[in-house]
Amino acid sequence: MASLPYRFGAFQLDPATRTLLRDGVATTLPPKALDLIVYLIERRDRAVGRDELIAAVWGRVDITDNALGQVVLQARRALDDGGEGGQRSIVTVPRFGYRWAAPVTIEAPPVKSGEPVAEVPPPIGTPVADAAAAGETVSAAPVAVAASEPAIPRPSRRWLWLLLAAALPLGLAALVLGWRSLQHPAGAAAAAVVVLPVAVDAPPDSAWVRLGVMDLVAQRLRAAGQAVVPSDNIVGLVARFTDANGVLDADALSAAAGAAPVVDASARQLGERWQVVLQTRGRSARGEGDDADVIVAARLAADRLALALGLQPPGADDASGSDRLLQQVRAAILSEQLDLAHRLLLEAGADARAQPEVRFRLAEIDFRAGRLDEAQQALTAQLGDGGADEPVLHARILNTLANIAYQRNQPGQVEDYSEQALRWLGDHDDPEETGRALVGRASARTMLDRYDAALADYAQARIAFTAAGDRRALARIDTYTALLDINRDRPAEALPPLRDAVERLRTYDAVVEELHGRVGIVMAELAMLDAAAALGQCARLDELAERVSDPRRRHYAGVVCVEALLANGKLGEAGARLRRIREQAAVPEASLVHQSEFQLHRMAAELAWAIGDARGAADEAGVALALPAAYDSAGARARTLLLAGRAQRALGRADAAAEIAAAARRLVTDAPDESDPRVYTALVAAEQALAQGDLAAADAAFTESAWAADDSRVPANVLAAAQTQASWLIERGELERAGIVVGRVARWATRSYEAALLQAQLYRALDQQLPWQEALRQAVALAGERVIPPRLRSPRPSLHLDDTSANADQTTH
């Protein structure tokens, strides 16, 4: 049935004839603008994400947010919306998309005598629609269905979709993604098994057999159709569940891995021959292999175990020197001995190094060690000379190239490589590699602020890794989605799942992933104004940084801990850590370095400002701002502009401060829908207006900053917006207004030095003795090495203290 005309205000929109009338007169507007208006009206019960709008209006997803913004602007102009009267019809939902706000009436067609009346369904999410969906009786009146108020959004509906996506039946996932291995050959899902490290009875030079043969057996069983917990999961769990006496609790390990059957493995060297024995616990399935080559013996044992489990082993393969080499390398990688793996590959003969799998492993080790240029060159060459014709290997190369592009802040390349990998995988039997490709594409879409599409990819990746029995990867996905929430200025939502995810990663000894998760926790805790909790993560971050081989990640973790130290007033320790970071050897260029380089200079500027060095603050902030915009977020850049402006004015450089204010205006123009940069660019404008004596402009800018902070719902933003405004109002004697501003941050005064200081400033101005004393004590307790302004440390002349301990407590500050 064709859509009926909609009426809102002076407008009538007919989707069937594609006409928009204003007071009965046709209005001209571009086709895509009309499509956008229709789509928003038809979904007026909820906010619509940018990615969804792009897909609906253009029919594809490779459209930039700028293009969408232009169409929104065209639609608003046609509707006379968004000017001085504000956004009455198309309302921006910051960092998400748009929603329709104007009341809408659906015009019913004329009813001819004797004809039935067609019921016009209300939007999904209205009470009538929900009742109908639930099977309830709904009275249908033969009149136009009108909405006198905008439909109330149903926030749970979006999350319901995500839950449904994550809970897709495995049969449907197999149909969509072509994973034949998700099903047991007989039709029943195969339970995942745990293959334990091999108990080796052989000379020390065969130590690699412990993990290398374990991984080989897992691969062989997986190829026969048996679900097997990935080897990297097992290695991490073994470290977690082995006691001080070297005794492994296999039952606890199996439970943590989400599996039941456990395969014990042993390998003995008897003269010139090897004997490999595999035995399942409780199921009496057994497989033995005997051969002069341990690889052949392990394959025989694995295939015989597969037969005992009722599976069909894969075809026989001839063992080669490269097979032994690859399992030795795999064992070294699993045990985080990248130098050993690299040496083994370099010492191999030319024939072995020419093998496609060996070439890939060498490049992969370069990538893991942070040698991005070498890895990219080798992988690109392998694709170019036909050295990766096997589809799954081709996909693995593409996924690694996507990882390199991610490190270099190239989201378009990441998305392209990931999509190529998915095409190469096609209907091939590799949910693990498919999951990697989906995570890569999700990461790219997160970098491009296409959050809905990223969440959809993460949901599909969750299905893939569940099928692969990879709980470590599932913990990674939980980490990534929580970091995505932090990126969307939702730290309160991100923290509980992120804390849970990093503890699960710790169980698996997933060092790199845990490090990134804990960096996210520090950032979220700082945003929530819990500086002590943020600093509490840094001891573990230091432990993790010592264990990662990539210097970029050590740099990254170190810089975020400098910020935590500064937030706790530990200025000397922050300065010492900054110096150590700068003394470290230069690391290869990559996006993590870009991010931490910007943050490094920003932290140096914050430190200089905290110790009263305005020149140092101006210089360091200037270096940070001279770096390309892609090195950090618009919000971080806006905060740096605010600090730079303050430092320049403190140095009496009015022209430089004015240039910074102009740069802030340009920044917010480039990111009009993001509340985070708007908070700080409005503060830049307010402080610049104060310096120029334009009090009305300052007041308006302060109000704009407060609105943006409230819009973001991030405590750190709310506090930043309140600080300068409250101080200014107190100086002007507008104590009632100041009390309202300070009241907005009062709840954080017990854990935030700045919030406590504002309380003390207000109560002192109000001549309230006991509240001033208490606020001052709280500020002193949180100050660390920061100097409390002398004026705040003394009462106003009208105050007569009975207890002078407040001043005594501050003598060290």
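1. Let's start with the strands around S12. Strand S11 (residues 199–201) runs parallel to S12, and three bridges pair the two. One facing pair here is valine 200 with alanine 267 in S12. Keep in mind throughout that this is a predicted model.

2. S12, which covers residues 262–270, also takes strand S10 (residues 194–195) as a parallel partner, this time through two bridges. Here valine 194 sits opposite valine 262 in S12.

3. Then there is strand S13 (residues 273–280), which pairs with S12 in the antiparallel sense over eight bridges. If you want a pair to click on, alanine 265 faces leucine 278 in S13. S12 and S13 make a hairpin with two residues between the strands, and glycine 271 has a positive phi there, near 65°. When you look at side chains on these strands, remember that in a regular strand they alternate between the two faces of the sheet.

4. Closer to the N terminus there is another run of hairpins. Strands S2 (residues 11–14) and S3 (residues 19–22) are antiparallel and joined by four bridges, with leucine 13 partnered by leucine 20 in S3. Four residues separate the two strands of this hairpin, and arginine 18 in the turn shows a positive phi of about 55°.

5. S3 goes on to pair with strand S4 (residues 25–26), again antiparallel, over two bridges. Leucine 21 has alanine 26 in S4 as its bridge partner. This hairpin has two residues between its strands, and aspartate 23 takes the positive phi, near 50°. Unlike glycine 271 in the S12 and S13 hairpin, the residues with positive phi here are arginine 18 and aspartate 23, so to speak the ones to click on when you check backbone torsions.

6. Arginine 44 deserves a look. Where does arginine 44 lie? It is in the loop between helix H1 (31–42) and strand S5 (48–49). Its relative accessibility is 8%, so arginine 44 counts as buried, the cut-off being under 20%. A polar atom of the arginine 44 side chain lies 2.7 Å from the backbone oxygen of isoleucine 41. Arginine 44 and alanine 101 are 57 residues apart along the chain, yet their C-alpha atoms are separated by 7.1 Å.

7. Helix H10 (residues 294–308) passes a simple length check: at 1.5 Å a residue its 15 residues should span 21 Å, and the end C-alpha atoms are indeed 21 Å apart. At its start, a side-chain oxygen of aspartate 293 comes within 2.8 Å of the backbone nitrogen of isoleucine 295. Buried residues in H10 include Val294, Ile295, Ala298, Leu305 and Ala306, but also Arg299 and Asp303. After the helix comes glycine 310, with a positive phi near 85°.

8. How many disulfides does the structure hold? There is one, between cysteine 538 and cysteine 561, with the sulfur atoms 2.2 Å apart. The torsion about the S-S bond is about -110°, so this disulfide is left-handed. Cysteine 538 belongs to helix H24 (residues 538–547) and cysteine 561 to helix H25 (residues 551–567), so the pair ties together parts 23 residues apart in sequence. Both cysteines are buried.

9. Now the nonpolar cores. The largest has 56 residues, and Leu641, Tyr680, Val745, Leu758 and Ile788 have the most contacts inside it. Elements giving two or more residues to this core include helix H29 (634–650), helix H31 (675–691), helix H33 (715–732) and helix H35 (753–765). H33 supplies the largest share, nine residues. Leaving aside neighbours within four places in sequence, leucine 758 touches Leu719, Ala722, Gln723, Ala726, Ser727, Val742 and Val745. Another core, of 48 residues, lies apart from this one, with Leu253, Ala306, Leu334 and Tyr508 among its members. Ala306 is also one of the buried residues of H10.

10. Last, helix H31. Its 17 residues should span 24 Å at 1.5 Å a residue, and the end C-alpha atoms are 25 Å apart, which agrees. H31 is mostly covered, with 14 of its 17 residues buried. Just after H31, glycine 693 has a positive phi of about 80°.

How values were computed. Residues are numbered from 1 along each chain as its sequence is written. This is a predicted model: local features need pLDDT of at least 70, side-chain atom pairs count only at pLDDT 80 or more; totals for chains, interfaces and linings use all residues. Side-chain values use heavy atoms; hydrogens and water are left out. Buried means under 20% relative accessible area, exposed over 50%, partly exposed in between (1.4 Å probe, protein chains only). A polar contact is a pair of N or O atoms within 3.5 Å; within protein, one must be able to donate a hydrogen and the other to accept it, and residues adjacent in sequence count only if both atoms are side-chain atoms. Two strands pair if DSSP finds at least two bridges between them. A disulfide is a pair of cysteine sulfur atoms within 2.5 Å. A nonpolar core is a set of buried Ala, Val, Leu, Ile, Met, Phe, Trp, Tyr and Cys residues joined through side-chain atoms within 4.5 Å. Contact means heavy atoms within 4.5 Å. The expected span of a helix is 1.5 Å times one less than its number of residues.
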